[in-house]
Amino acid sequence: MMPASQNERSKSTLERAAAAFVQWFDADHTAGAPEKMRAEPDRVDWMRCIPFIILHAGCLGVIWVGWSPCAAWTAVALYFVRMFAVTGIYHRYFSHKTYSTSRVGQFLLALWGATTVQRGALWWAYHHRHHHQHSDDPEDAHSPHVHGFWWSHIGWITSRRNVPTDYSKVKDLTKFPELVWLNRFDTVIPFLVAFAIFGLGLLLERVAPGLNTNGPQLLVWGFFISTTLLFHGTSCINSMAHLMGRRRFDTGDDSRNSFILALICLGEGWHNNHHRYMSCTRQGFYWWEIDPTYYGLKALSYTGLIWDLKPVPKSILDEAARADHRATIAAAELAAQLHPDVSPLKRVFPTAAAIAVATATASQATLPKKAEGPGIHRNVSAQTHDLAPPPQG
Ligand SMILES: [Zn+2]
Ligand SMILES: [Zn+2]
C-alpha cells in the first residue's frame, strides 16, 4: 500500500498536471492561489509546455509539405508584421505607454499583439515591467547573468512560477475588461490566425495554382516556422541584449546596444538606451541607430490611430553625448597604449576628433547630473496615464 505522504504527492502532481491542461485554454486557471504559484522555485512545467513544443515540432512539417517562394515570403512577412506587434505594441505601448490611443485603438492593438502567440498583453507587460525593476538581479525572471543563457532565452517561459499574470502590477490595463478577456483566453487569436493562414493556402491553391502552395504548406511556413522564429528573435532581447554589444549608459544592469539585434528585432537592439530611458517611443536615439519600429509607429500616427509619441528628452541626449565623448577619448588613449610604435601622424585624426568633440561639449560636461536618474527602478505603472481623446485640429 502507498504511504500517505507519497499518496498526497502523486495527488498534487495530478492536480498540477490537470491545472496545466486547463491553462492551455484558460490562462488564469491555477491549482491553488496564483501568488503561491509565483513563489515556487523555478522548475519546468512539462504539461504547460506541450503547446510550446508542438509549435516547434510543427516546423518539421516542412519535410512533408516542401516549400514555395510564396510560402517562404509569407513566413518572412508575418515575422516582421508580428515583430512590429511585439516591439511597437506589447513593448512600447502596453509595457511603457510611450504613446496614446483611443480605447478602440487599444483593443485593435491588443488583437494585433495577440497574433504573435506571446500570450496576452497584460502577461507580457507584467513580466516586462518586472524585468525593468529587477534587471539582472536575482529577482529578474530572465537575466543571462543570474540564470544563464538558455534559461534567459527559453527556460524561464517554461517555469510554473512565470505562468500566472500578476494583475496587481498592471492595474492601468486591468481597467479594460476586453484586455483582461484577451489575456485570459490567450490561445483564441492564435488559433484563428492559424486557421486563416490554412484557409488562405487552400484558396491560393484553387485560384492561383501557379504559386505552388496549399493549405498545409502555408500553415507550416506562415504559422509554425514564422512564429517559432518570432519567438526566438524576441527572446534574443532577453538573452543576447544583456550580453552582446556596447554599453553607452551606466544603468546599473548589463543591458547593451547592438546593431545586429536592432535589425533582427526592428530597433529593440538599442537596449541600453532603453534601460536608461524607457518612457520615449524611440529606442535608437540618433538617426544612425536604426529603429524600424519607431518609423512604423510614426507612420501609424499619421493615420490617427495613435498619437502623442514621446520624444527622447534633451537631458538624456546630453548625457548620451557626454558618454560617447568619454568613450571616444578612452578608445584613442587605449590605441596609443597598445600601438606606441604607430606613427603619431596616423593617430592624429582620431585624437584630433576626440579633442574637438570634447572641447565643443565642454560646457555640457559641467552640467549637474540630471534629475531623471536611472530609469530602471521606476514604477512604470505609476508613470502610465489614462486614455486621452485625440488632440483637436
Ligand atoms: Zn533588459
Ligand atoms: Zn522595456
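A residue counts as buried if 20 or more other C-beta atoms lie within 10 Å of its own, exposed if 12 or fewer, and partly exposed in between, with C-beta atoms placed from the backbone. The model here is predicted, so local features need pLDDT of at least 70 and side-chain atom pairs count only at pLDDT 80 or more, while totals for chains, interfaces and linings use all residues. Residues are numbered from 1 along each chain as its sequence is written, and chains are lettered from A and ligands numbered from 1 in the order in which they are written.

Take helix H12 to begin with, where helices are DSSP runs of H or I with at least four residues, numbered from the N terminus. H12 covers residues 188-207, 20 in number, and runs 28 Å from first C-alpha to last, close to the 28 Å expected at 1.5 Å a residue (1.5 Å times one less than the number of residues). Its buried residues are Ile197, Gly201 and Leu204. Down the helix axis these fall within an arc of 70 degrees, so they line one face of H12; the arc is taken from the directions from the axis to the C-beta atoms. On the face turned away sit the exposed Phe191, Arg206 and Val207. H5 and H13 are among what covers the buried residues.

Then there is the largest nonpolar core (buried Ala, Val, Leu, Ile, Met, Phe, Trp, Tyr and Cys residues joined through C-beta atoms within 7 Å). It has 30 residues, of which Tyr90, Phe94, Ala121, Leu122, Ala125 and Leu173 touch the most other members. H5 gives the most to this core, with 8 residues.

Conventions. Helices (H or I, at least four residues) and strands (E, at least two) are DSSP runs, numbered from the N terminus. Two residues are in contact if their C-beta atoms, placed from the backbone, lie within 7 Å.
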